[in-house]
Amino acid sequence: MTLSMFATFWAVSVLFVITPGADWAYAISAGIRGNRVVPAVIGMLSGHLVATLIVAAGVGSVIAEAPGVMTALTVVGAVYLLWLGIGMLRHPSAPAADQNEDDGSRLKWAIKGFCTSGLNPKVFLLFLALLPQFTDVHASWPLPLQMAALGMLHVISCAMVYLLVGYGSGTVLRARPRAAMNVSRTSGGLMIIIAVILLAEQFL
């Protein structure tokens with residue numbers, strides 16, 4: 001693989017990452033909590049990494065060609081985002097008074113982050129459609145290794161953007177509790193909209 005191919009993929013990847021979506025909404029919610037940004041982002045990155053490995057291993061093509069499996073994955077992911085969004089509307093994140101809560105709480109944020117990206121079929125389909133386009137069958141690297149390398153580059157881009165979004169929102173909003181709650185509710189509403197669109201694509 002050439003350096004120019006990596007650079008081109010990175011540019012396309014960043015365009016997708018900087019587009020606000022469910023991951024952004026979750027990073028903002030974690031940012032308002034202060035010390036929940038890192039576990040939340042690690043969870044989301046793990047979801048992206050799993051999607052990369054599935055596609056690189058060739059399992060992605062098999063799943064994509066099974067309509068029933070893709071429908072089930074989409075519905076599960078949409079229902080999870082719907083549940084998470086409703087929870088954020090009912091209990092919007094507010095600046096944490098105590099930044100030293102137990103580690104179990106951090107684990108919970110990491111698991112939710114993993115589910116937010118790992119159960120989002122759009123992430124999986126993005127990798128399935130995008131990664132093969134930037135591979136070279138004549139390269140010295142095997143195709144799975146090329147896709148894994150590209151996926152890791154995408155994960156690095158996600159890490160930088162999500163950390164900036166999380167900590168940036170925390171810095172701006174922690175001194176403004178009411179604004180923080182409004183932003184959290186907006187993030188929850190965004191998750192609900194994404195979930196409804198995913199379900200509508202399957203059943204309408």
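**Nonpolar cores and the packing of α2 against α3**

In this predicted model, the largest nonpolar core (buried Ala, Val, Leu, Ile, Met, Phe, Trp, Tyr and Cys residues joined through side-chain atoms within 4.5 Å, where buried means under 20% relative accessible area with a 1.4 Å probe, protein chains only) has 26 residues, and those with the most contacts inside it are Y26, V41, M44, L45, Y162 and M191. Two or more residues of this core are given by each of α2 (22-33), α3 (37-56), α5 (67-90), α6 (103-118), α8 (143-173) and α9 (177-203), helices being DSSP runs of H or I with at least four residues, numbered from the N terminus. The largest share, seven residues, comes from α8. A second, separate core of 16 residues includes V55, L126, L130 and L150.

Beyond its neighbours within four places in sequence, M44 is in contact (heavy atoms within 4.5 Å) with D23, Y26, A27, G113, F114, S117 and Y162.

Helices α2 and α3 pack at an angle of about 160°, with axes 8 Å apart, the axes being lines fitted to C-alpha atoms over the stretch in contact and the angles running from 0 to 180 degrees between N-to-C directions. α2 is therefore roughly antiparallel to α3, a term used for angles over 145 degrees. The contact is made by D23, Y26, A27, A30 and G31 of α2 together with V37, A40, M44 and H48 of α3.

Residues are numbered from 1 along each chain as its sequence is written. Local features need pLDDT of at least 70 and side-chain atom pairs count only at pLDDT 80 or more, whereas totals for chains, interfaces and linings use all residues, and side-chain values use heavy atoms, with hydrogens and water left out.

Definitions and conventions:
Buried < 20%, exposed > 50% of the residue type's maximum accessible area, 1.4 Å probe, protein only. Parallel < 35°, antiparallel > 145°, perpendicular 65-115°, else oblique.
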